[in-house]
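Colleague: I have not looked at this structure before. Could you take me through it one feature at a time?

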Amino acid sequence: MLTLTRSVGETIRIGDDIEVHVVEVRGGTVRLGFKAPREVTIHREEVYRQIAEANLLAAQVTADTLGALAAFAPTAAEESGTATEHPPAEPIGHAQVTEGSAG
C-alpha cells in the first residue's frame, strides 16, 4: 500500500484519467473528491461488498431453481415429434387493428 500525506486542495493522480482531490480535513474525517471517466466505477468499501455479495447470491443456482426451470423444458416425446401438436393460442387482450378502426 502506498501512503501519502496531502493537504486540503492538493490532488493525487491515478494513471492518466483519475484524480483524487483532498476537499476537507476535519477531526478524524477526510473528504475526498474524485474525477474519473464514466466507465470507472467508484464505490465506498461497504457498498462494494454489498454489490459483490448480491452478485454472488444472484449467480447461485439451487436444485429448486433447476427443478422449476425443468417444468419449461421440452420432454423427450416433444423433442422427437411424437407429441400432439397444438396450434398457438390467440393472445388475450390484443385486438386486431384494421384500416379505419384506429382511433
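Modeller: Start with Glu19, which touches Thr11, Ile12, Arg13, Gly33, Phe34 and Lys35, leaving aside residues up to four places away in sequence. Keep in mind that this is a predicted model.

Colleague: Where does Glu19 lie?

Modeller: Glu19 belongs to strand β2, which covers residues 18-26.

Colleague: Which side chain is joined to that of Glu19 by a polar contact?

Modeller: The partner is Arg13, and the polar contact between the two side chains is 2.8 Å.

Colleague: How should I read the pairing of strands?

Modeller: In general, strands of a sheet pair through backbone hydrogen bonds, and the pairing is either parallel or antiparallel. Here β2 pairs with strand β3, residues 29-35, in the antiparallel sense over seven bridges. Two residue pairs show how the strands line up: Glu19 has Lys35 as its bridge partner in β3, and Val22 has Leu32.

Colleague: What links β2 to β3, and how many residues are between them?

Modeller: The two strands form a hairpin with two residues between them. Gly27, in the turn, has a positive phi of about 60°.

Colleague: What is the order of the strands in the sheet?

Modeller: The order is β1-β2-β3, in an open sheet of three strands with antiparallel pairing. β1 (11-14) and β3 each have a single partner strand, so they stand at the edges and one side of each is left without a neighbour in the sheet. Averaged over neighbouring strands of this sheet, the turn of one against the next is 25°, with direction ignored.

Colleague: And the faces of a sheet?

Modeller: In a regular strand the side chains alternate between the two faces of the sheet. For the surface of this model, consider the nonpolar patch formed by Val8, Val25, Val30, Leu32, Phe34, Val40 and Ile42. Together these residues have about 590 Å² of accessible area.

Colleague: Which strand gives the largest share of the nonpolar patch?

Modeller: That is β3, with three residues. Phe34, a patch member, has its place in this strand. It is also among the residues that Glu19 touches.

Colleague: Where is Val8 found, and which residues does Val8 touch?

Modeller: Val8 is in the segment before β1. Not counting residues up to four places away in sequence, Val8 touches Val22, Val23, Glu24 and Val25. Take Val23 as an example: it is 15 residues from Val8 in sequence, yet their C-alpha atoms are 5.6 Å apart in space.

Definitions and conventions: Residues numbered from 1 in each chain as written. Predicted model: local features only at pLDDT ≥ 70, side-chain atom pairs only at ≥ 80, totals over all residues. Heavy atoms only, no water. Helix = DSSP H or I, 4+ residues; strand = E, 2+ residues; numbered from the N terminus. Polar contact = N/O pair within 3.5 Å; in protein donor to acceptor, adjacent residues only side chain to side chain. Contact = heavy atoms within 4.5 Å. Pairing = 2+ DSSP bridges. Axes fitted to C-alpha atoms, helices over the stretch in contact; angles between N-to-C directions. Patch = residues over 30% accessible without salt bridge, like charges linked within 9 Å, V, L, I, M, F, W, Y side chains within 5 Å. Areas by Shrake-Rupley, 256 points an atom, 1.4 Å probe, with all protein chains shown as cover. Salt bridge = Lys/Arg side-chain N within 4 Å of Asp/Glu carboxyl O.
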